[in-house]
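Here is a friendly walk through one protein model, written for someone who likes to think in side chains. Please keep the 3D view open as you read.

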Amino acid sequence: MAFIRKRRLERELYSKERFSLLLLNLEEYYFEQHRANHIINKGCRDERKFRGSLKICSKSIIFEPDDNIQPIIKIPLRDCISIKAPEDSEANNPFTRDAAGRISVACNQVFLIKERNIIAPYKTVRGRTEHLFQLDVAGKLGDVVQTLHQLYRASCLDKMGDQAAMITAILQSRLARTSFDKNRFQSISETLHMECKAEMVTPLVTNPGHVCVTDANLYFQPLNGYPKPVVQITLQNVRRIYKRRHGLMPLGLEVFCTENDLCSDIYLKFYNYQDRDELYFLIATYIENHITEHTAESYMLQWQRGHISNYQYLLHLNNLADRSCNDLSQYPVFPWIIADYSSSVLDLTKPETFRDLSKPIGALNKERLDRLLTRYQEMPEPKFMYGSHYSSPGYVLFYLVRVAPEYMLCLQNGKFDHADRMFNSLAETWKNCLDGATDFKELIPEFYENDSSFLVNSLKLDLGKRQGGKMVEDVELPPWASGPDDFLQKSQEALESQYVSEHLHEWIDLIFGCKQKGSEAVAAHNVFHPLTYEGGVDLNSIMDPNEKVALLTQILEFGQTPKQLFTIPHPRRIIPKLKSLSRTSSHSVSITESPVSPNEESFEDLTEESITLAWNNIAKLKLDEQYKIHKEAITGIAVTCNGSSVFTTSQDSTLKMFSKESKTIQRSVSFSNMALSSCLILQGDTTVISSSWDNHIYFYSIAFGRQQDILMGHDDAVSKICWRDGRLYSASWDSTVKVWHCVPGETLSNKKHHFELLAELEHDVSVNTIDLNAANTILASGTKEGTISVWDVTTATVLHQLPCHSGTVFDAAFSPDSRHLLSTGEDCCFKVIDIQTGMLISSVTAEEPQRCFKWDGNTILSGSQSGELLIWDLLGGKVIERIKGHTGAVTSMWMNEQCSSVITGGEDKQIMFWKLQY
């Protein structure tokens with residue numbers, strides 16, 4: 001749990017210190033501290049001195065006594081009447097020399113915090129009081145008083161924008177007078193690459209200082225030395241780095257040394273985007289050789305295929321959409337999943353147990369929605385349906401107040417919320433989200449993690465008394481949860497349930513996708529205030545500093561909509577069949593529970609298992625035999641059912657039949673003097689069909705050893721052919737794909753095949769490759785200009801058309817489940833398209849073009865331009881094995897049904913036989 005884990009780590013590191021930046025106001029800076037005494041009742045018989053630290057902040061003076069029983073004193077500068085040091089004559093008087101280093105502060109209001117080290121609402125002392133502080137180092141008195149007078153003048157300015165401008169000028173002056181201390185380098189041999197000013201961001205506060213990047217480390221040195229002199233991150237440990245939008249400006253940078261954690265190692269805000277981009281470039285350049293940059297689309301592919309959970313996918317999407325646990329105005333957002341908080345048993349098999357994920361919270365109650373829509377229709381532009389957001393700092397701390405009370409006190413000026421408005425009960429909170437006039441909040445990741453401490457008042461905080469006299473203690477759980485841990489466990493099970501897996505894409509459309517903005521958002525009743533959206537306001541265009549500060553404060557407190565990640569509907573998750581689930585589930589399904597009898601699908605199961613086993617061991621592919629059988633590059637490979645005969649086509653214009661048993665060429669046929677481009681064998685091993693650059697398709701009888709028929713169907717070279725269920729599909733450089741119904745001729749007579757043209761799929765340019773899905777209903781084509789088209793064969797209409805590649809598409813193939821299409825091209829890229837939505841969901845770049853491939857949906861076996869066979873982890877986007885193969889490009893590849901045997905053909909005129917050895 002990122003937020004809670006971070007709080008605990010801070011408490012462990014700095015447990016002796018009661019002061020924290022959370023004692024400051026929002027947008028306030030902590031400049032410096034001095035050891036000092038707080039003198040009470042000066043000159044009286046009961047005069048007392050308390051040792052401690054005097055903190056100089058941009059809007060307040062804070063004194064932290066060493067004695068934990070004494071309260072921390074916070075004096076707002078705006079409430080000060082006078083700040084002065086003793087007169088010089090008094091300071092030089094030998095009888096009053098003990099007055100050296102004294103500062104007298106008179107004020108109208110003071111806050112007392114953490115008395116007896118108890119976290120509680122601040123005590124306010126109103127009325128004139130005087131406080132006398134004596135610095136240990138009297139020589140610093142002049143500088144301290146001068147700084148306080150400057151900051152006091154800033155706090156007395158009427159307008160917030162003028163205050164912010166003056167404080168910023170003071171801060172920048174301090175930063176300009178200092179630089180990073182190079183003695184803090186881990187090694188004297190480190191080379192400095194960059195140094196600049198920045199602020200370290202933590203929830204609700206920022207801390208200014210200096211950033212330094214060397215060839216080995218990233219450093220941040222706080223101007224005030226708090227909480228430690230230097231934060232150091234070894235570049236070798238960095239795993240992810242993201243540019244962030246902070247305060248609506250592209251000035252943030254977040255660095256992670258973990259792969260899947262939401263909690264970063266440092267979040268920096270820069271004063272200009274040039275410094276941010278330069279630092280990003282330096283770190284990204286360092287890590288690019290051994291870290292794969294993941295996109296939303298690549299995570300989508302992993303999620304669709306079940307390689308990451310619903311929870312992990314949502315974490316990744318939040319991360320990519322600028323959501324960070326260091327920024328409470330952009331805290332990660334998770335959905336309400338469960339809608340039943342009254343039953344004694346939670347039934348995850350009933351749809352009514354779940355919230356409707358296709359609607360935003362505000363649209364779940366029709367009566368409330370109707371009222372909101374009426375107001376929306378009557379509202380002048382800019383219109384919005386909801387007056388509050390689904391995620392804001394207040395909502396985050398509403399849920400986390402029991403583990404992060406100091407954050408709530410910081411946000412709410414030293415007060416907790418009213419006891420009846422606290423997070424008291426899951427059922428009450430859900431009911432209010434359904435019925436409340438202004439409550440549309442979603443949940444946070446903590447509801448689906450393993451630390452239940454945010455549901456328990458383990459710190460024994462006094463959070464107030466509710467109407468009826470009941471104290472606010474632990475969160476009241478639904479009847480179906482036996483305790484906090486059980487509640488989280490059941491919430492996790494609900495998030496990963498089949499119902500949610502089938503519908504989560506609908507919620508993603510609302511929060512991160514196509515229904516976040518525009519007409520789709522209006523139709524989905526998902527319209528929030530325009531200022532909450534990225535690009536809703538350009539702060540740089542606002543010249544009035546007061547207007548800018550007011551607007552920024554409003555937006556940051558109101559909450560922000562995530563960055564839009566998808567602009568077309570998000571694909572569904574692929575839900576495995578029951579028998580597939582049972583293999584990976586921790587609960588095995590007995591034979592008596594199985595929906596099929598033991599013998600009914602045993603052969604299919606064995607085939608599936610053998611295929612899975614083969615792909616799991618595909619890196620163990622070994623070269624068995626190789627033969628040079630052609631005079632030019634091999635373009636097609638087809639094998640008879642029993643595997644005894646291999647047919648190949650080549651640019652040398654010949655079709656050859658190679659005997660696996662005798663290791664000899666048994667037949668060599670030439671139909672014309674033009675190259676052949678592909679071949680296939682019809683069921684029954686009686687006929688081979690070859691396509692040719694002479695615009696024709698040739699039918700060759702294996703039994704009779706002669707040309708049986710010719711289909712003259714195109715006006716340019718035929719590049720690829722497929723055969724399914726009595727239909728021939730032919731692609732051509734004449735910019736068409738044609739679908740033919742073929743009635744075979746009688747073998748013993750002279751009757752020819754009868755060809756009927758069923759459909760003509762027209763393209764703008766030459767078509768280089770095609771493939772059909774398993775059901776023979778969808779065809780994919782790839783052109784010489786890099787376009788992938790997905791066609792509905794039954795209606796001869798194009799479903800999707802994407803400019804996937806720059807240059808020729810070499811090969812394209814559906815995944816075994818037909819959910820995705822993989823293509824490779826001249827641009828050295830693999831591209832994955834989701835067939836349902838037409839979304840390009842993954843792109844992997846190789847060092848050189850990959851000419852042909854086979855894949856199982858997750859792993860790719862490809863033939864490269866240089867002749868190597870490469871094995872790719874598609875989801876990880878990396879090569880996991882290289883196998884030496886041909887001496888020229890691998891131009892053709894065949895794989896048997898069990899995926900245990902592979903034949904490749906290349907520009908080196910050879911065919912190579914490969915076998916799995918495991």
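What follows covers a helix, some aromatic pairs, some salt bridges and a charged patch.

**A helix and its surroundings**

Before going further, please note that this is a predicted model. A good place to begin is helix α9, which spans residues 393–400. Of its 8 residues, 7 are buried, so the helix is largely enclosed by the rest of the structure. Those buried residues are Pro393, Tyr395, Val396, Leu397, Phe398, Tyr399 and Leu400.

**Aromatic pairs**

Aromatic pairs number 38 in the structure. In one of them, the ring centres of Tyr386 and Phe528 are 5.1 Å apart and the planes meet at 45°, so this pair is tilted. Tyr386 sits in the loop between α8 (366–378) and α9, while Phe528 belongs to the loop between α14 (518–523) and α15; with their positions 142 residues apart, the pair links distant parts of the chain. Tyr386 and Phe528 are both buried.

Another pair brings us back to α9. The rings of Phe398 and Phe423 have centres 5.4 Å apart and planes at 40°, so they too count as tilted. Phe398 is in helix α9 and Phe423 is in the loop between α10 (405–411) and α11 (426–435), so the pair ties together parts that are 25 residues apart in sequence. Phe398 has 12% relative accessibility and therefore counts as buried; Phe423, at 0%, counts as buried as well.

These two phenylalanines also belong to a cluster linked by ring pairs. Its members are Trp336, Tyr341, Phe398, Tyr399, Phe423, Trp430, Phe447, Phe454, Trp480 and Phe487.

**Salt bridges**

The whole structure contains 29 salt bridges. Among them are the three in this table, each with its N to O distance.

| Salt bridge | N to O distance |
|---|---|
| Arg244 and Glu254 | 2.8 Å |
| Arg244 and Asp322 | 3.6 Å |
| Glu868 and Arg882 | 3.1 Å |

Which parts of the chain does the salt bridge between Arg244 and Glu254 link? Arg244 lies in strand β12 (residues 240–246) and Glu254 in strand β13 (residues 249–256), 10 residues apart. Arg244 has a relative accessible area of 2% and so is buried, and Glu254, at 0% relative accessibility, also counts as buried.

Arg244 has a second partner in Asp322. Asp322 is in the loop between α7 (310–320) and α8, so its pairing with Arg244 in strand β12 ties together parts that are 78 residues apart in sequence. At 3% relative accessibility, Asp322 counts as buried. If you widen the view, you will find a network of salt bridges that links Arg244, Arg245, Glu254, Asp322 and Lys563.

The salt bridge between Glu868 and Arg882 has another setting. Glu868 is in the loop between β37 (859–864) and β38 (869–873), and Arg882 is in strand β39 (residues 878–883), so this pair ties together parts that are 14 residues apart in sequence. Glu868 is partly exposed, with a relative accessible area of 23%, and Arg882 counts as partly exposed at 37% relative accessibility.

**A patch of charge**

Finally, turn to the surface. Which residues gather there in a patch of negative charge? They are Asp158, Asp162, Asp544 and Glu547. Glu547 is placed in helix α15 (residues 545–558), and its relative accessibility of 47% makes it partly exposed.

Terms used: Residues numbered from 1 in each chain as written. Predicted model: local features only at pLDDT ≥ 70, side-chain atom pairs only at ≥ 80, totals over all residues. Heavy atoms only, no water. Buried < 20%, exposed > 50% of the residue type's maximum accessible area, 1.4 Å probe, protein only. Helix = DSSP H or I, 4+ residues; strand = E, 2+ residues; numbered from the N terminus. Patch = residues over 30% accessible without salt bridge, like charges linked within 9 Å, V, L, I, M, F, W, Y side chains within 5 Å. Areas by Shrake-Rupley, 256 points an atom, 1.4 Å probe, with all protein chains shown as cover. Salt bridge = Lys/Arg side-chain N within 4 Å of Asp/Glu carboxyl O. Lys, Arg positive; Asp, Glu negative; His and termini not counted. Charge placed at Lys NZ, Arg CZ, Asp CG, Glu CD. Phe/Tyr/Trp six-rings, centres within 6.5 Å; stacked < 30°, edge-to-face > 60°.
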